[in-house]
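Visitor: I would like to understand the reasoning behind the terms used for this fold. Could you walk me through it?

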Amino acid sequence: MGMPKNKHWALLKPTENTVAGLQLGKLMNMSWTPSFRPVEVVLNGDYIGLYFLTETIRIGKNRVNIYEQQDKETNPELISGGWLVEVDNYHDECQITIPENNRWNLTLRYHSPEDLSDLQLQWLTNEFKAINTAIYSTDKNSTAWEEHIDVESMARFFILQEVMDNPDGFHGSFYLHKDLKDGAKWVAGPIWDLVCYNREKTDYTFKMKVHYGFTPHWIGEIIQYDSFCQAVRNVWREVYPSKLSEIYDYIDDIVLPLEEAWKNDCERWNDDPTQTAQLRADRIKNALRRNMEWFNQHIPVSPYTSIPMTSTLYVDEKIKVFNLQGILIGEFSNLSDAKSNLRHGVYIINGEKMTINASSG
């Protein structure tokens, strides 16, 4: 199926969010992002629907390609790297919990290694206490946190969560990994379990309310550091708009051919049959376009920066018009010019849905 051989896979519920999120991880040049393939599954003669056969997050040559630390390791020289951990919001085995601030704790699940010696457990606990102390420093010009965290990887992770508008980004399924080599730092990712809240953004996602309680670990502090904001600015300049615009064709290429499979899946599980492949593709594309345009106007700027910055990085003076399938119809010098050249119909004009009547001009 075009993916490297492995014994470990997951069958995920098929959503357009997964299609968009995992491809964005690749477009964002995350260190590694799981691949998937759509499959229709028959189990013991029973058709059980459409799924995404997905690579799971593990240390390995073709996955998170770092040193794999052994369980019960006692050699102090071998326990500072080879870690795969997850900031989680559920209590489970293989976890440590430390106070993050006076309102909530930080719960960390260690995936690899998963059976720790006393020395490993103590090292991991001390490490994340030190990271937490550095991040929560009152001196936001301090570089202490950068000694632990790969800043660029955190910037890429943050941008992806904003483009997806994923409230869980810094709340759960927040993975980090660290290699065993000189100068190795904790790298944010891989990404997993992505949602898109599909709403009008009015603030950074970690600040916006959702229908459940969540704790945005670290990001409220990290976003105050100028080094982080500069990294966000640099990564955004690298990927927007040209690289991220590739997502729209990719969504169509993956989602639209699944029309019949999604129909079969809806019939099998008595789900809403109006959720067609076309509707799913249009919904996620429109959401991503809105989110990108909002973020481009609100690039974070540290209140502690010594250099005046603007929150808008990429300024495109042209009016871009898309149809509801996400296809670019044209570019115009102003809104009036756009309206006068469009036929009657519904369009996405600079990220907003507009109805053009025959009399518009």
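The talk below turns to ring pairs, burial, charges over rings and a sheet.

Guide: Gladly, and please keep in mind that this is a predicted model.

Visitor: Let us begin with the aromatic rings. How many aromatic pairs does the structure hold?

Guide: The structure holds 17 aromatic pairs.

Visitor: What makes the pair of phenylalanine 174 and tryptophan 218 edge-to-face?

Guide: The ring centres of phenylalanine 174 and tryptophan 218 are 6.1 Å apart, and centres within 6.5 Å count as a pair. Their planes stand at 85°, and planes over 60 degrees apart count as edge-to-face, so that is the name for this pair.

Visitor: Which parts of the chain does this pair link?

Guide: Distant ones: phenylalanine 174 belongs to strand E7 (residues 174-178), while tryptophan 218 lies in the loop between strand E8 (187-188) and helix H4 (219-222), 44 residues apart.

Visitor: Why is phenylalanine 174 called buried, and why tryptophan 218?

Guide: Buried means under 20% relative accessible area. Phenylalanine 174 has 0% and tryptophan 218 has 1%, so each of the two counts as buried.

Visitor: How do you know that tyrosine 204 and phenylalanine 206 are stacked?

Guide: Their ring centres are 6.4 Å apart, which meets the limit of 6.5 Å. Their planes are at 5°, and under 30 degrees counts as stacked, so the pair is stacked. Both tyrosine 204 and phenylalanine 206 are buried, too. Ring pairs also join them to a cluster whose members include Phe158, Phe228 and Trp236.

Visitor: What makes arginine 63 a charge over the face of tryptophan 9?

Guide: Arginine 63 is at 5.0 Å from the ring centre of tryptophan 9, and the distance limit is within 6 Å. The position must also be within 35 degrees of the ring normal. Arginine 289 offers another case, with its charged end over the ring of tyrosine 248, 4.2 Å from the centre.

Visitor: Now the sheet. What makes strand E1 (9-12) and strand E2 (36-43) edge strands?

Guide: The sheet is open, with three strands in the order E1-E3-E2 and antiparallel pairing. E1 and E2 each pair on one side only, and these are the edge strands.

Visitor: How do you know that E1 and strand E3 (residues 46-55) pair?

Guide: Pairing takes at least two bridges, and E1 and E3 have four, in the antiparallel sense. Alanine 10 stands opposite threonine 54 in E3. Helix H7 (residues 259-269) packs on this sheet, touching E2 and E3.

Conventions. Residues numbered from 1 in each chain as written. Predicted model: local features only at pLDDT ≥ 70, side-chain atom pairs only at ≥ 80, totals over all residues. Heavy atoms only, no water. Helix = DSSP H or I, 4+ residues; strand = E, 2+ residues; numbered from the N terminus. Contact = heavy atoms within 4.5 Å. Axes fitted to C-alpha atoms, helices over the stretch in contact; angles between N-to-C directions. Phe/Tyr/Trp six-rings, centres within 6.5 Å; stacked < 30°, edge-to-face > 60°. Buried < 20%, exposed > 50% of the residue type's maximum accessible area, 1.4 Å probe, protein only.
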